[in-house]
Amino acid sequence: MRAVILCWLLALASSIALAQQYDLVIEGGRVLDPETGLDATRNVGITGGKVACISSDFLRAKRVIHAGGLVIAPGFIDLHQHGQDIESGRVKALDGVTTALEMEIGVPDVTKFLKQKEGHSLINYGTTASHPAARALAFGTTVAEGGIVPKAGIATDQPASTEQIQRIRERLKQELTAGALGIGMGIQYTPGATRLEVIQMFRVAAENHVPIFTHVRSAGRIEPGSSIEAVSEVIGAAAVTGASLHIVHINSSCLKDSMECLTMVAGARTRGLDITTEAYPYTAGMTDLTSALFNPGWQDKLGIDYNALQLPETGERLTKSRFDQLHASSAPLWVIIHSNTQEIVDAVIPSPLVLIASDGLKGHPRNAGTFSRILAQYVREKRSLPLMDAIRKMTLMPAQVLEKSTPAAHAKGRLQEGADADIVAFDPQTIADRSTYQSPMEPSVGVQFLVVGGILLVDQGKLVSDVFPGRALTGR
Ligand SMILES: [Zn+2]
């Protein structure tokens with residue numbers, strides 16, 4: 001706040017020679033803020049990790065970045081980032097992301113996660129409390145190392161007793177106290193969870209004033225178990241409990257019925273429910289081949305066959321015998337699923353209901369390329385998304401979801417005086433994803449500068465070494 005007042009004083013007395021000196025100034029860029037609608041050439045002064053001044057006046061600083069020709073926007077916020085390793089942090093930073101949170105399913109141990117990341121993260125981080133992990137504990141098992149959900153088995157396929165549901169509730173409450181930003185559910189990965197169990201989890205969320213983030217129970221058109229039924233289930237649970245609900249990757253959960261699922265979300269919102277959703281700009285998904293998603297009948301449900309499955313390391317397409325062999329694996333095994341069409345993805349991305357989130361992890365190009373791809377393909381090439389709308393989907397909209405769990409999120413996703421200095425500066429003519437299914441960790445190009453909490457993390461398109469400015473975003 002003090003820095004902001006200094007900005008006003010500076011504006012009043014701009015002729016005084018001994019003006020305020022900022023830590024960092026980004027000068028002459030096209031500054032965009034989706035909340036106020038600012039879209040103008042401005043100078044941005046940063047001090048003490050905060051945006052202290054946005055002005056047309058000359059600002060002095062120890063370091064001045066000349067940003068003519070660049071777009072200056074709030075750093076991108078990714079609500080759905082599984083890969084929390086350092087390599088993923090690097091490619092996220094070069095994709096313009098300043099905050100990447102594991103919200104879909106959460107982590108098995110929030111305290112341990114926050115401790116491991118502290119001082120070691122390039123970008124800001126946070127997580128939900130994991131329903132699948134809490135459920136595994138209630139069944140006396142755990143999530144496999146390297147996995148995000150329990151392998152198909154008792155903790156995933158069996159209904160929980162009343163006592164076990166109570167234990168899951170208690171564990172989730174503990175995890176919220178430890179700093180979780182909501183409750184993450186992957187209902188398709190725990191098919192043993194009954195409708196009642198789901199409602200009970202939504203109650204925990206409502207009682208603790210945090211949202212549910214969920215991968216819905218099923219995908220496809222076959223009833224029972226269609227995408228429409230799965231979305232109906234969680235909208236119903238939100239309605240009867242009052243919990244806020246965020247449905248993850250509506251593109252890959254709803255497939256051919258994606259637009260109908262969006263109409264359902266719109267209808268629920270019109271009737272006063274707090275429901276949000278997200279998508280990523282790729283036609284293929286990726287998940288664990290040993291998970292319950294591949295329980296018998298998956299081909300008919302998803303309308304695909306073995307050859308739609310591809311191993312990320314080798315590009316190998318699977319056959320029945322190869323699938324059977326790998327499905328029996330005891331360790332998690334990631335597989336790319338070619339299950340969607342470009343037409344569906346292109347229809348989903350521009351919807352005003354849809355924010356952008358990557359579902360990122362190593363092995364899939366969405367880990368490194370999601371945000372640049374939106375700017376390259378939808379803003380620049382297809383022109384189906386105005387630049388300000390794209391920025392809103394990647395900054396303000398995810399920040400507004402996070403505000404339900406933490407007041408700290410009010411300072412994120414905005415480029416305003418007093419906001420956190422998480423800022424991306426990119427070249428709108430050249431920004432592009434480079435990652436492919438063959439080379440999924442290829443970093444994006446076009447992000448010239450990235451500031452995280454006032455610290456330069458990307459300088460002239462290159463990562464700065466030995467800085468770890470990422471900070472935790474935690475619940476109340
Ligand atoms: Zn998912």
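**Domain interface and local features of the predicted model**

In this predicted model, the centres of domain 1 and domain 2, taken over C-alpha atoms, are separated by 30 Å. Each domain is assembled from two stretches of sequence, with residues 2-74 and 416-463 assigned to domain 1 and residues 76-305 and 336-407 assigned to domain 2. Contact between the two parts involves 37 residues of domain 1 and 38 residues of domain 2. The area buried between domain 1 and domain 2 amounts to about 2900 Å², of which 71% lies on carbon and sulfur atoms. Of the area that domain 1 buries against domain 2, 25% is supplied by Pro 34, Tyr 437 and Met 441, a contribution that exceeds that of any other three residues.

Polar interactions also cross this boundary. Ten residue pairs, both members at pLDDT 80 or more, are in polar contact across the interface of domain 1 and domain 2, and the count of salt bridges between the two domains is one. Arg 373 and Asp 433 form a salt bridge in which the closest N and O atoms lie 2.8 Å apart; Arg 373 falls within the 336-407 stretch of domain 2, and Asp 433 within the 416-463 stretch of domain 1. On the side of domain 1 that touches domain 2, the elements giving two or more residues are strand 1 (21-33), strand 2 (38-47), strand 5 (71-74), strand 17 (423-426), strand 18 (447-452) and strand 19 (455-459). Strand 18 provides the largest share of this side, namely four residues. When the residues of domain 1 that touch domain 2 are sorted by class, 23 are nonpolar, seven are polar and seven are charged.

Over the structure as a whole, 26 salt bridges are found. One of them pairs the side chains of Lys 362 and Glu 87, with an N to O distance of 3.4 Å. Because Lys 362 lies in the loop between strand 16 (354-356) and helix 14 (366-381), whereas Glu 87 belongs to helix 2 (residues 86-94), this pair ties together parts that are 275 residues apart in sequence. The loop between strand 16 and helix 14 also holds Asp 359, a residue that is not a glycine and yet has a positive phi of about 55°.

Further local features concern a covalent link and a peptide bond. The count of disulfides comes to one, and the bond is formed by Cys 254 and Cys 261, whose sulfur atoms are 2.2 Å apart. The torsion about the S-S bond of Cys 254 and Cys 261 is about -95°, and the disulfide is therefore left-handed. A cis peptide bond, with omega of about -10°, joins Glu 223 and Pro 224, and Pro 224 is placed in the loop between strand 10 (212-215) and helix 8 (227-241).

Note on methods
Residues are numbered from 1 along each chain as its sequence is written. This is a predicted model: local features need pLDDT of at least 70, side-chain atom pairs count only at pLDDT 80 or more; totals for chains, interfaces and linings use all residues. Side-chain values use heavy atoms; hydrogens and water are left out. Domain bounds come from an automatic or database domain assignment. Contact means heavy atoms within 4.5 Å. Buried area is the accessible area (1.4 Å probe) that two parts lose on being put together, summed over both. A salt bridge is a side-chain nitrogen of Lys or Arg within 4 Å of a carboxyl oxygen of Asp or Glu. A polar contact is a pair of N or O atoms within 3.5 Å; within protein, one must be able to donate a hydrogen and the other to accept it, and residues adjacent in sequence count only if both atoms are side-chain atoms. Ala, Val, Leu, Ile, Met, Phe, Trp, Tyr, Cys and Pro count as nonpolar, Asp, Glu, Lys and Arg as charged, and the others, Gly among them, as polar. A disulfide is a pair of cysteine sulfur atoms within 2.5 Å.
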